[in-house]
2 protein chains.
Amino acid sequence: MKIDPKSTADLSAQIATAIRDEIIAGRLIVDARLPSEAELSEQFEVSRPTVREALKRLAAQSLIRTQRGATGGAFVNRLSFPEAYAQQITTSTLLLSMNDVSFETACEARFALERSCADLTAQRCSADHLAAMRAEIHRQSQPGLTDEAFCASDVAFHRALVDGADNPVLSYQLAGAVEAMQPLMNMITFSARDRARIVALHERIASAVEAQNGAAVSDGLTALEQETQTLGRSLFQEKF
Amino acid sequence: MKIDPKSTADLSAQIATAIRDEIIAGRLIVDARLPSEAELSEQFEVSRPTVREALKRLAAQSLIRTQRGATGGAFVNRLSFPEAYAQQITTSTLLLSMNDVSFETACEARFALERSCADLTAQRCSADHLAAMRAEIHRQSQPGLTDEAFCASDVAFHRALVDGADNPVLSYQLAGAVEAMQPLMNMITFSARDRARIVALHERIASAVEAQNGAAVSDGLTALEQETQTLGRSLFQEKF
DNA sequence: CAAATGGTAATTGTCTGACATATGAAAATT
DNA sequence: AATTTTCATATGTCAGACAATTACCATTTG
């Protein structure tokens, strides 16, 4: 592990990259303990604050965790699915909010991706996930729900639909697609009639899942996409 | 912007979270300049190294960039698609390599997701993207190619297929699914016969794209998934 | 003898102060 | 007017110190 002091990049960035490469290449395995900050300082020939900045960079990406005390130190972290979810959602949300992505493009991608779980969910959806979907449908039908609560329930419904595919990798990948759309959906003010149409489509999708009919689930999602696009067009002209 | 000194969490983590929330909430917009490190030290009532560690955490997530000099400082960064790609791929790769995900599960998710671009790519694929796919097919047909080069070309083929949908959000989301599989694919040693079958399926997919037949693209991907699963089963028993 | 107690070393977390370096802008000079 | 110099400001890096936490070990005590 050596770094180039002549590079224009920050030393802490170089050190972070060097350690990250070790982890990705598998030379530092999960739960392995990194050398102490003092030892890293010597190895890289930099001061301890510089090493610490490098370690914080890695900690921000959940690549390492640190522990104080006698047997403490920095350990290679097992990236958990919840952590990966959170990172995925944050990145996706920021990407959409910062890049003049049209509602249409985001919506198209979101539903295209979500349809990829249609067949699997229809085949495998557990009673629990189906019940969760139905519970959200019921919540969405209640009058007097705020727009935020309606949107949150909408996300929960889709989350249950995705999780019904019983494939954690798929759930992880779709988390970004589904949740990152929420801020955009929150901009929509739903009329009672809009909500009724959406709830009806949710019911149609849930029934298709119950009937283990993947094609029908996919069709329901497509119908929901068209409904959402219509609502979006009434709000945004082209970009936002 | 205040922090809780009684919390068990690191001060730098709290400060990073506080600033990140400001960015996500839109109170700090793109290209806005954060207060200088000295000013942040005063505001949060911590020392400059602590502030710096917080800023490095944000820099690691590409949320800010820093610049030295008189008019320098930390600025809110516009998260670019390439940066988001890179983060997505790193996270996905680590998630798969660290969590005993079966080859079958990963493969299933990957192809399920990739099929979501079948219709869009069939409709919209440009001549350039189609040519890129055909170029990779040609490269893959060459004898004497190393396994790594064959896999890299495989990824490039799928990347072109995904990009053909002409939806950057979709490309971003699928980047993780497609590229994160590469380390797993690299573990497979392809026989000449294996390669021939894969190349034939690629050709079948490219032709379906050219014919603007989305269903045929989807079917081709499904056939490729089955082929890949067969190869995977010959390598791994259950977990790896 | 077993268990509670206290000390000790190791390690991260934080602070203070300082100097190096880069950079834009204003001031001085040609 | 154009160029050079100077300067202020900001980040990058360093050294040293102390605080807080924690595991381990020796000691004391019941």
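Biologist: How many residues of chain A are in contact with residues of chain B?

Modeller: The size of an interface is often given as the accessible area lost when the parts come together. Here, 40 residues of chain A are in contact with 40 residues of chain B, where contact requires that the C-beta atoms, placed from the backbone, lie within 7 Å. This is a predicted model, in which local features need pLDDT of at least 70 and side-chain atom pairs count only at pLDDT 80 or more, while totals for chains, interfaces and linings use all residues. Residues are numbered from 1 along each chain as its sequence is written, and chains are lettered from A in the order in which they are written.

Biologist: Which element gives the most to the side of chain A that touches chain B?

Modeller: That is H4(A), with eight residues; helices are DSSP runs of H or I with at least four residues, numbered from the N terminus.

Biologist: Where is A:Glu45 found, and what is its phi?

Modeller: Most residues other than glycine have a negative phi. A:Glu45, however, has a positive phi near 60°, and it is found in the loop between helix H2 (37-44) and helix H3 (48-60) of chain A.

Biologist: Is B:Asp100, in the loop between helix H4 (81-98) and helix H5 (103-115) of chain B, buried or exposed?

Modeller: B:Asp100 counts as exposed because it has 11 C-beta neighbours inside 10 Å, the cut-offs being 20 or more other C-beta atoms within 10 Å for buried, 12 or fewer for exposed, and partly exposed in between, with C-beta atoms placed from the backbone. B:Asp100 also has a positive phi, of about 45°, although it is not a glycine.

Notes. Helix = DSSP H or I, 4+ residues; strand = E, 2+ residues; numbered from the N terminus. Contact = placed C-beta atoms within 7 Å.
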